[in-house]
Amino acid sequence: MAIKNYYIILGLNTAASTDEIKAAYRMLAKKYHPDKNLGNKSAEEFFKEIQQAYAVLSNPEKRKKYDLTFFHNETQTKQKQTTAYSGNAYQYAQQKAQEKYQYNNLKNQPKKKDKTESHQILVSISIALMLLYFIISYSTGTSNQTTIAQRSLKTSKTAVNNNKEKVPEINDFDSPYSYFFGEEVSNSESKNCITIHNSEQSEAVVCLVEDQHPNTTIRNQYINAGSTFKMNNIPDGNYFLKVFYGNNWDTTKTYLNKKIKGGFTSEIAFVKLNTENTVFKMKQEHAGATISFSSYEIELNPYQKDQVLPITAEEFFK
């Protein structure tokens, strides 16, 4: 399967610093944000890829794993430009990179040699081939045995590697706990929304919860540090937010006697935002051709003290 080049998506080179990655992400996210490109599906898809690229390259551990996988794949397929992409900006960048590669190859080709030099080369090659023939004839038996041993060792290593459990990474805007909370609830005709800006201090999983018994969680969303997510199509009703803060996602982490799989391993905190004093009141109304709807915008910060109630893991996964 082809791997997307996150560096080209963000317009960076592979040695880009963390500050350069953040600056490129902010510029592109601002330019291609769906709110500024209404109805433009290409811009919307490219915005998602910008978010995915930033989610990986801004995290040192994820970037290290990505680089190992990506550059290994590039080595195997350097003659094929098969990286999948749906946006024109990325295709253009790939085309320019390929043109530069071809130009450098052409520029570095050796000059043609004259006839005398070519004759000397042919004589040298003939002598080398004769020597090589005698060497191969002498060592055929030993080489065959060595090759068989090498193949057996390679096969054994491959079998061991295949038996290792593959731990998938979580991606920006995934819904990691839908298997526990149930299928996400939305209304495609509703314009009610909440725009969530996550600080660069921590990753987060945000749950949208109905503010009435039994407090059903209708959405759960992973948001990477420094990312912005717009939760759209929220049905009418009153809601509050629960947040699971932390860093370094690990799919082997468990909660509630292993009923919950996946979670952060460092700087963990569970909180409830907008407590009983304030809630998100969602209501969409039609007045002739005019539509009014509810829209909120919030900032997440793990060190926030106002309108925050610390809760336990059991209360978060209730």
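## Helix packing, an open sheet and the largest pocket

In this predicted model, helix H3 (residues 41–57) packs against helix H4 (residues 60–76) at an angle of about 105°, and their axes lie 6 Å apart. H3 is therefore roughly perpendicular to H4. On the H3 side the contact is made by Ala-55, Val-56 and Leu-57, and on the H4 side by Lys-62, Arg-63 and Tyr-66. By class, these contact residues comprise four nonpolar, no polar and two charged.

H3 also takes part in the largest pocket, where it gives the most to the lining, with six residues. This pocket has a volume of about 860 Å³. It is lined by 33 residues, of which Pro-34, Glu-44, Lys-48, Lys-230 and Asn-232 are the closest to its centre. The elements that give two or more residues to the lining are H3, strand E3 (217–223) and E4. The composition of the lining is tabulated below.

| Residue class | Lining of the largest pocket |
|---|---|
| Nonpolar | eight residues |
| Polar | 14 residues |
| Charged | 11 residues |

Strand E4, one of the elements lining the pocket, also belongs to an open sheet of three strands with mixed pairing, in the order E4-E1-E10. Strand E4 (228–231) and strand E10 (295–300) stand at the edges with a single partner strand each, so one side of each has no neighbour in the sheet. Neighbouring strands are turned by 15° against each other on average, direction ignored. Strand E1 (residues 193–198) and E10 run parallel and are joined by six bridges. Ile-196 has Ile-298 as its bridge partner in E10.

Note on methods. Residues are numbered from 1 along each chain as its sequence is written. This is a predicted model: local features need pLDDT of at least 70, side-chain atom pairs count only at pLDDT 80 or more; totals for chains, interfaces and linings use all residues. Side-chain values use heavy atoms; hydrogens and water are left out. Two strands pair if DSSP finds at least two bridges between them. Helices (H or I, at least four residues) and strands (E, at least two) are DSSP runs, numbered from the N terminus. Axes are lines fitted to C-alpha atoms, for helices over the stretch in contact, and angles run from 0 to 180 degrees between N-to-C directions. Angles under 35 degrees count as roughly parallel, over 145 as roughly antiparallel, 65 to 115 as roughly perpendicular and the rest as oblique. Contact means heavy atoms within 4.5 Å. Ala, Val, Leu, Ile, Met, Phe, Trp, Tyr, Cys and Pro count as nonpolar, Asp, Glu, Lys and Arg as charged, and the others, Gly among them, as polar. On a 1 Å grid over the protein atoms alone, a cavity is a set of points where a 1.4 Å probe fits but cannot get out, and a pocket is an open set with protein on both sides within 12 Å along at least five of seven lines; lining residues have an atom within 4 Å of a point. Grid points are joined across faces, edges and corners, and a volume is the space filled by probe spheres set on the points.
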